[in-house]
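Reader: I would like to go through this model with you, one contact surface at a time. Could we start where the chains meet and then turn to the domains?

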Amino acid sequence: MARLTPDNQQRARELIALYPHSRSALIPILHLLQGQDGYLSEDGMGDVAELLGLTAAEVRGTATFYDMFHLEPVGRYVVAVCTNIACMLQGAYRLLEHAEERLGVAPGGTTGDGLFTLEDAECLALCGNAPCLTVNWRFFGDVDLGRFDTLVEDLRAGRLDDEVPPHGTLSRVQRATGLQAGGEGAAGAASEGVPAALPTHLDLDTRRTTAAVASMDAGHLEGGT
Amino acid sequence: MTVTDAPRIISARLGKPRSWTLETYLADGGYRGLRAALAMTPQQIHDHVNVANILGRGGAGFEAGRKWGMLRKAEPLYLTINGDESEPATFKDHALIEGDPHQLIEGSLICAYAIGADQVFIYTRGEFPLAIERLEAALNEAYAYGAVGRNIFGSEFSIDIVVHPGAGAYICGEETAMLESLEGKRGYPRIKPPHFPAAIGLYGAPTIVNNVETVSNLPWVVLNGGEAFAALGEGRSKGTKLIALAGHVKRPGNYELEWAKVSFRDLMYDPRLGGGIRDDNELKAFIPGGVSSPWLGPEHLDVLLANDAIAAVGSMAGSGSVIPMDHTTCTVRVAWRIVRFFHRESCGQCTPCREGSGWLEKILERIENGQGRESDLDLLMDICDNISPGVTWPPAQTTICVLGPSMPPAVAAGIRTFRDEYLAHIREGRCPLPPDRLPRKLAHV
């Protein structure tokens, strides 16, 4: 695993076409690469550098600035427990310690079976449902110790694979069109519709990991009237 | 009781079934604001926004209309929407993008038309994949509906919107760091002057950076007029504000409230809002506008949620995140966690922030673990003074951006207001409040 697949090469070129300057597509393309391999490999980043006409150092230097990018392989599920203030006030460090014991790894570590990587995360903006965590960046709120154990069991058994995609998957909805307004993308001319390798619509209604919006549900905003 | 019957301008659809779809949006009158805007001149929209006096909802509270007026006249010209919400305990933009992406798209288009932008980029925090998916799906729907792209709704107005994901860096919420990131680089803030985005922004071109909540107000403002918006609120604080209430209340959540009409007491104790402090505990202190803002105490409960009122007691409304803490809270621990956050997120360009944040974290850690010295209190204040001379509010700064000066308020609040609690840690050799220690293993910064 390493270089961008032909499909992803094509998608990368479509991303480049959305920007006035090609380097702007670097971070979206790195997400694409991480979605493909679960992390950013040297070969993959080399491929991206070639595609964008950048040096390996420019790509690596950018990638290392951002917390979401992993330059080493990680577990199948990256469990990020928020310990920032809103979650801390609701017992997040107890949850994190419990997670360490349950998984047998410290933050930053990966379990021997390669299933779980544990992280101590900064605020994930789900503070109405503290303490919260994400698994491969999908949200779970109001996580008590029992719910954490259930979550781990469900993940282990593959019961959540529909709502928790493989690590690195950013968006499962693809943009349906290139630039249309007559602006010149970095590819030269405004591109026409792009072939949809991914759906352009997804039944987002069936997803259960919508806790950020759940915090907005009945009872929590009615007082705002 | 002063919770008013002001309309819900930006949160009306949040929590409704399938609120993120075009179908729901149109059934609720969606895109009428854009149609109305296209029948006006850009100057007329700008006038409405000036009359409405919308203060930027990202944290700095700068008048949106004034910002638009500062644009350097040149081509191309860009609109970038800041959806990189990462301020601890702030979760309003997350809810707005995820719950009502069409409103954000419509507001962005109205803004783009008013300022004459050539392209729009919605910079969305990378850790919000569901928000990105819904926004991308909504954008596809909007293109198919004719609301985005070439000759929008049959008019002469054409523009594209691109959803741009971040990749995990708090500093990219700072507007110039966001532009660097959008250019595919490390998120290093630029020095101002000269890099005010309205003059030298994305790719060096004049650029407007507006917050998600700010532009989400625009469809309503265009439809109802700037005067209707300005009729809500008081003084400089017009309209409504989405308040993210977290921490030790019974009902944390997002609440849209009329600005300058509701007090912190209402927000925390009204049964329709916060519902009181958890377990009916006593309130010890609260952070009124994101963790960068100076702390307030129970004596400030009757202060109104308004920019001027909060500034008058020495703090700020900031991002609209309110964090009450009950009497069981250890203020050393809270200050330590806030400083630890800024240490992890410091971009490293400026010495006072890069080094000072680490020093503050280590010293607070040893105080919390019972190994502090009485001289540590002066040392902490001295480090704060190096980052923000005088440790006053609003803060002076020795750094390129305000990330560094965001640290001293939490430390100074502790030392000035809760000095006895700090001293108890040092004299007793342990934290007097449970749990009396920090976690055994802390992630390496």
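Author: Since this is a predicted model, the counts that follow are computed from its atoms. Between chain A and chain B, the count of residue pairs in polar contact, both at pLDDT 80 or more, is 33.

Reader: Which elements of chain A give two or more residues to the side that touches chain B, and how does that side divide by class?

Author: Among the elements of chain A that give two or more residues to this side are the helices α2 (26-37), α4 (56-63) and α6 (92-103), together with the strands β2 (116-121) and β4 (138-140). Sorted by class, the side of chain A that touches chain B has 36 nonpolar, 26 polar and 15 charged residues.

Reader: How many salt bridges does the rule find across the interface of chain A and chain B, and at what distance do B:R344 and A:D120 meet?

Author: Across the interface of chain A and chain B, the rule finds six salt bridges. The criterion asks for a side-chain nitrogen of Lys or Arg within 4 Å of a carboxyl oxygen of Asp or Glu. The side chains of B:R344 and A:D120 meet in such a salt bridge, with an N to O distance of 3.6 Å.

Reader: What area is buried between chain A and chain B, and which three residues supply more of chain A's part than any other three?

Author: The contact takes 77 residues from chain A and 100 residues from chain B. The area buried between the two chains is about 7,000 Å², of which carbon and sulfur atoms give 57%. Of the area that chain A buries against chain B, 10% is supplied by three residues, more than by any other three, and these are A:F65, A:I85 and A:L89.

Reader: Turning to chain A by itself, how many salt bridges does the rule find across the interface of domain 1 and domain 2?

Author: The domain assignment of chain A gives domain 1 as 1-72 + 168-211 and domain 2 as 77-156, and eight residues of domain 1 are in contact with eight residues of domain 2. The area buried between these domains of chain A is about 730 Å², with 52% given by carbon and sulfur atoms. Although the rule finds three residue pairs in polar contact across this interface, the number of salt bridges it finds there is zero.

Reader: Why can chain B be called as compact as a globular protein of its length?

Author: Chain B comes to 18 helices and 10 strands. The globule rule gives 22 Å for 445 residues, and chain B is as compact as a globular protein of that length because its radius of gyration is close to that value, at 22 Å.

Reader: Which side chains meet in a salt bridge between domain 1 and domain 2 of chain B?

Author: In chain B the assignment gives domain 1 (22-229), domain 2 (232-326) and domain 3 (331-428), and domains 1 and 2 bury about 1,600 Å² between them. The count between domain 1 and domain 2 of chain B is one salt bridge. At 2.8 Å, N to O, the side chains that meet in a salt bridge are those of B:E213 and B:K241.

Reader: Which element gives the largest share of the side of domain 1 of chain B that touches domain 2?

Author: Between domain 1 and domain 2 of chain B, the count is 12 residue pairs in polar contact, both at pLDDT 80 or more. The elements that give two or more residues to the domain 1 side are α5 (92-99) and α11 (226-230) of chain B. The largest share, three residues, comes from α5(B).

Notes. Residues are numbered from 1 along each chain as its sequence is written. Chains are lettered from A and ligands numbered from 1 in the order in which they are written. This is a predicted model: local features need pLDDT of at least 70, side-chain atom pairs count only at pLDDT 80 or more; totals for chains, interfaces and linings use all residues. Side-chain values use heavy atoms; hydrogens and water are left out. Domain bounds come from an automatic or database domain assignment. Contact means heavy atoms within 4.5 Å. Buried area is the accessible area (1.4 Å probe) that two parts lose on being put together, summed over both. A polar contact is a pair of N or O atoms within 3.5 Å; within protein, one must be able to donate a hydrogen and the other to accept it, and residues adjacent in sequence count only if both atoms are side-chain atoms. Helices (H or I, at least four residues) and strands (E, at least two) are DSSP runs, numbered from the N terminus. The radius of gyration is taken over C-alpha atoms; the globule rule is 2.2 Å times the number of residues to the power 0.38. Ala, Val, Leu, Ile, Met, Phe, Trp, Tyr, Cys and Pro count as nonpolar, Asp, Glu, Lys and Arg as charged, and the others, Gly among them, as polar.
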